[in-house]
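Work through the exercises below with the sequence and the coordinates open. Each task is followed by a solution in steps.

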Amino acid sequence: NDTATTEICTLSLHDALPISILVGLQKDLDTLAAHPLPEKDFIGMTVHGTHFTEKDKAGEAILEACKTITDDKDHPIGEYRGLQMSLSYNAFAGQYILTMKGEMSHSVDIGTSALGNMTRIDNALNNIPVRMQNIEGKLESLNQQMATARAELGKPFPQEAEFRQKSERLAELDAALNMDNAHKPQTQEQEKPNKRNREEAR
C-alpha cells in the first residue's frame with residue numbers, strides 16, 4: 001500500500017546516510033593508521049606552523065591559539081596525525097571547540113589543562129571504532145524496519161474490507177436516491193392534468 005511504499009522510500013534515504021558516515025570514518029581510521037601513535041614518545045603536532053614534539057608544549061600552543069578565537073567559525077590552526085585541526089568558540093556555552101577533520105569531523109571541548117586537552121584529543125580519535133559500531137547498530141535497525149515495510153507492501157490495509165462494504169452501501173444509497181429523483185418529474189406532470197380536470201369539472 002501507499003504507506004508502506006512511502007516508508008520504504010524514507011528508510012532508503014535514511015539508510016544512505018549512515019553508510020556514507022561509515023565510509024568516511026573508515027577512511028579516517030586508515031589515515032590514523034598511517035600516522036600511528038608511538039608507544040612512548042609523542043608523534044608531534046603542528047600548531048600555527050610550528051611543529052611540537054612535546055605533548056605539553058603542543059597542548060599549551062592550543063590554549064594560546066584559543067585566545068584569538070571569538071566566533072563560532074572554524075579557524076584552521078594546524079595538523080595532527082594526518083587530520084586538519086581548527087578551533088571555534090561557542091559563545092552561548094562559553095566553550096572552545098577543537099575539531100579534527102579528515103573525511104569526517106571529530107570534535108572535543110577544550111578545557112584549561114594543556115595535557116588534559118591532549119588526552120581528550122587522543123580519546124576522541126580512539127573512539128572512532130565505537131562510533132562506527134553505534135552507527136552499524138542503527139543501520140541494522142533501519143534494515144530490519146525496511147524488511148518489515150517491504151513485507152507489508154502489497155498487503156491489504158486492516159480496514160480494507162470495512163471500507164469496501166461501506167463503499168458498496170453508499171453506492172446503493174446513491175442509486176436509490178437517483179431513482180427517486182427520476183420519478184419526481186413524472187409525478188408533477190401527472191398532477192397537472194388532474195388539476196385541469198378538476199377545474200373543468202367546476
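**Exercise 1.** Which residue in strand 3 does Val47 stand opposite?

Solution. The model is a predicted one. Start with the strands concerned: strand 1 covers residues 45-47 and strand 3 covers residues 75-80. The two run antiparallel and are joined by 2 bridges. Within this pairing, Val47 faces Gly78.

**Exercise 2.** State how many helices and strands the chain has, and give their order.

Solution. Counting gives 5 helices and 6 strands. Read from the N terminus, the order is α-β-β-α-β-β-β-β-α-α-α.

**Exercise 3.** Derive the strand order of the sheet and identify its edge strands.

Solution. Step one: strand 1 and strand 2 are antiparallel and share 3 bridges; in this pair, Met45 lies opposite Phe52. Step two: on strand 3, strand 1 pairs through 2 bridges, and strand 4 (residues 83-90) pairs through 5 bridges, again antiparallel. His75, for instance, has Leu87 of strand 4 as its bridge partner. Step three: the complete open sheet holds 6 strands in the order 2-1-3-4-5-6, with antiparallel pairing. Strand 2 (50-52) and strand 6 (105-110) each pair on one side only, and these are the edges. From one strand to the next, the twist averages 30°.

**Exercise 4.** Describe how helix 2 and helix 3 pack on the sheet.

Solution. Take helix 2 (residues 55-66) to begin with: it packs on the sheet and touches strand 1, strand 2, strand 3, strand 4, strand 5 (95-101) and strand 6. The direction of helix 2 makes about 25° with that of strand 1. Helix 3 (residues 114-126) also packs on the sheet, with contacts to strand 1, strand 3, strand 4, strand 5 and strand 6. Its direction makes about 155° with that of strand 6.

**Exercise 5.** How many residues separate strand 3 and strand 4 in their hairpin, and what is the phi of Arg81?

Solution. The hairpin has 2 residues between its strands. Arg81 lies in the turn, and its phi is positive, about 55°.

**Exercise 6.** Is Thr99 buried or exposed? List the residues it touches beyond four places in sequence.

Solution. Thr99 belongs to strand 5. Its relative accessible area is 10%; the cut-off for buried is under 20%, so Thr99 is buried. Beyond four places in sequence, it touches Gln84, Met85, Ser86, Ser105, His106 and Ser107. With Ser107 there is also a side-chain polar contact of 2.9 Å.

**Exercise 7.** Classify the aromatic pairs of the structure.

Solution. There are 2 of them. In the pair Phe42 and Tyr80, the ring centres are 6.2 Å apart and the planes are at 25°, so the pair is stacked. Phe42 sits in the loop between helix 1 (2-34) and strand 1, and Tyr80 in strand 3, so this pair ties together parts 38 residues apart in sequence. Both Phe42 and Tyr80 are buried. In the pair Tyr89 and Tyr96, the centres are 4.7 Å apart and the planes are at 45°, so the pair is tilted. Tyr89 is partly exposed at 21% relative accessibility, and Tyr96 is partly exposed at 25%.

**Exercise 8.** What share of the chain is buried, and what share of the exposed area comes from carbon and sulfur?

Solution. Of the 202 residues, 26% are buried. The chain exposes about 13,800 Å², of which carbon and sulfur atoms supply 53%.

How values were computed:
Residues are numbered from 1 along each chain as its sequence is written. This is a predicted model: local features need pLDDT of at least 70, side-chain atom pairs count only at pLDDT 80 or more; totals for chains, interfaces and linings use all residues. Side-chain values use heavy atoms; hydrogens and water are left out. Helices (H or I, at least four residues) and strands (E, at least two) are DSSP runs, numbered from the N terminus. Buried means under 20% relative accessible area, exposed over 50%, partly exposed in between (1.4 Å probe, protein chains only). Accessible areas come from the Shrake-Rupley method with a 1.4 Å probe; for residues, only the protein chains shown count as cover. Two strands pair if DSSP finds at least two bridges between them. Axes are lines fitted to C-alpha atoms, for helices over the stretch in contact, and angles run from 0 to 180 degrees between N-to-C directions. Contact means heavy atoms within 4.5 Å. A polar contact is a pair of N or O atoms within 3.5 Å; within protein, one must be able to donate a hydrogen and the other to accept it, and residues adjacent in sequence count only if both atoms are side-chain atoms. Rings of Phe, Tyr and Trp (its six-membered ring) pair if their centres lie within 6.5 Å; planes under 30 degrees apart count as stacked, over 60 as edge-to-face and the rest as tilted.
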